[in-house]
Amino acid sequence: MNAPLLLDPDQARARLADLTVVDVRTPGEYASGHVPGAVNVPLDRLDRAVPALQEAAARGGLLLVCQSGSRSANACARLAGEGIGAYDLDGGTSGWAARGHGLARPAGAPAKPVWAMDRQVRLVAGSLVLLGLLLGILVHPAFQLLSAGIAGGLVFSALTNTCGMALMLGKLPYNRANACATDLDTTLTRLHRGTDA
């Protein structure tokens with residue numbers, strides 16, 4: 001399985017009862033709004049969840065979701081390497097919401113939603129490029145290497161479809177822990193038993 005099978009939001013909505021929906025965003029993003037019935041397995045913890053995801057896939061289809069589709073495509077490819085087939089939600093939760101489908105939010109979720117990871121990455125990368133250029137002009141030209149390093153990292157990220165900056169940002173407190181987040185062990189137990197358990 002080279003490319004994940006895509007389901008558009010309408011197809012996915014029609015099949016929700018038959019699918020185990022797994023949101024691979026950070027807990028903070030997940031709490032900001034997710035496809036109804038989705039469980040949260042952050043992309044950086046996916047390897048730990050492989051056995052539970054294998055069991056869930058054996059019971060029915062898996063649908064992987066992120067904000068726009070990039071991280072879930074990456075997760076589908078990683079699971080395919082483990083022999084687990086999964087669908088990818090075309091357009092992610094953004095596409096889901098754009099089609100007018102509601103998003104679920106856990107009780108106690110913060111009133112102010114966490115920015116999507118791609119937006120956080122753009123803010124940090126752009127800020128570091130500007131900082132490198134300004135320091136290069138005002139302090140010393142060597143600071144322009146910061147801008148060059150970020151540019152190189154962005155090119156590498158595009159070529160490999162990975163993002164080290166997103167992994168680092170995902171570990172920040174506002175992306176990780178909050179009062180309404182379900183811990184991974186609870187999620188894995190739920191996957192082992194079936195998401196309705």
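Start with the whole chain in view: in this predicted model, residues 24 or more positions apart account for 71% of the contacts with a separation of 6 or more. To see this for yourself, pick a residue and look at which parts of the sequence surround it.

Next, switch to a cartoon view. You will find nine helices and five strands. Trace the chain from its start and the elements come in the order β-α-β-α-β-α-β-α-β-α-α-α-α-α.

Now turn on the surface. The accessible surface comes to about 10200 Å², and carbon and sulfur atoms own 61% of that area. Colour the residues by burial as well: of the 197 residues in the protein, 40% count as buried.

Our next stop is the largest pocket. Rolling a probe the size of a water molecule over the atoms shows where empty space is left. In the largest pocket, that space is about 600 Å³.

Which residues should you select to find its centre? Choose Arg 71, Met 117, Thr 162, Cys 163 and Ala 166, which lie nearest the centre of the largest pocket among its 29 lining residues.

Then highlight the helices around them. H4 (70–81), H6 (117–138), H7 (144–160) and H8 (164–169) each bring at least two residues to the lining. Which element gives the most to this lining? Select H6, which supplies five residues.

For a last look, colour the pocket lining by residue type. You should see twelve nonpolar residues, ten polar ones and seven charged ones.

Key: Residues numbered from 1 in each chain as written. Predicted model: local features only at pLDDT ≥ 70, side-chain atom pairs only at ≥ 80, totals over all residues. Heavy atoms only, no water. Helix = DSSP H or I, 4+ residues; strand = E, 2+ residues; numbered from the N terminus. Buried < 20%, exposed > 50% of the residue type's maximum accessible area, 1.4 Å probe, protein only. Contact = heavy atoms within 4.5 Å. Areas by Shrake-Rupley, 256 points an atom, 1.4 Å probe, with all protein chains shown as cover. 1 Å grid on protein atoms, 1.4 Å probe; cavity = no way out; pocket = protein on both sides within 12 Å on 5 of 7 lines; lining within 4 Å. Points joined across faces, edges and corners; volume = space filled by probe spheres on them. Nonpolar A, V, L, I, M, F, W, Y, C, P; charged D, E, K, R; others polar.
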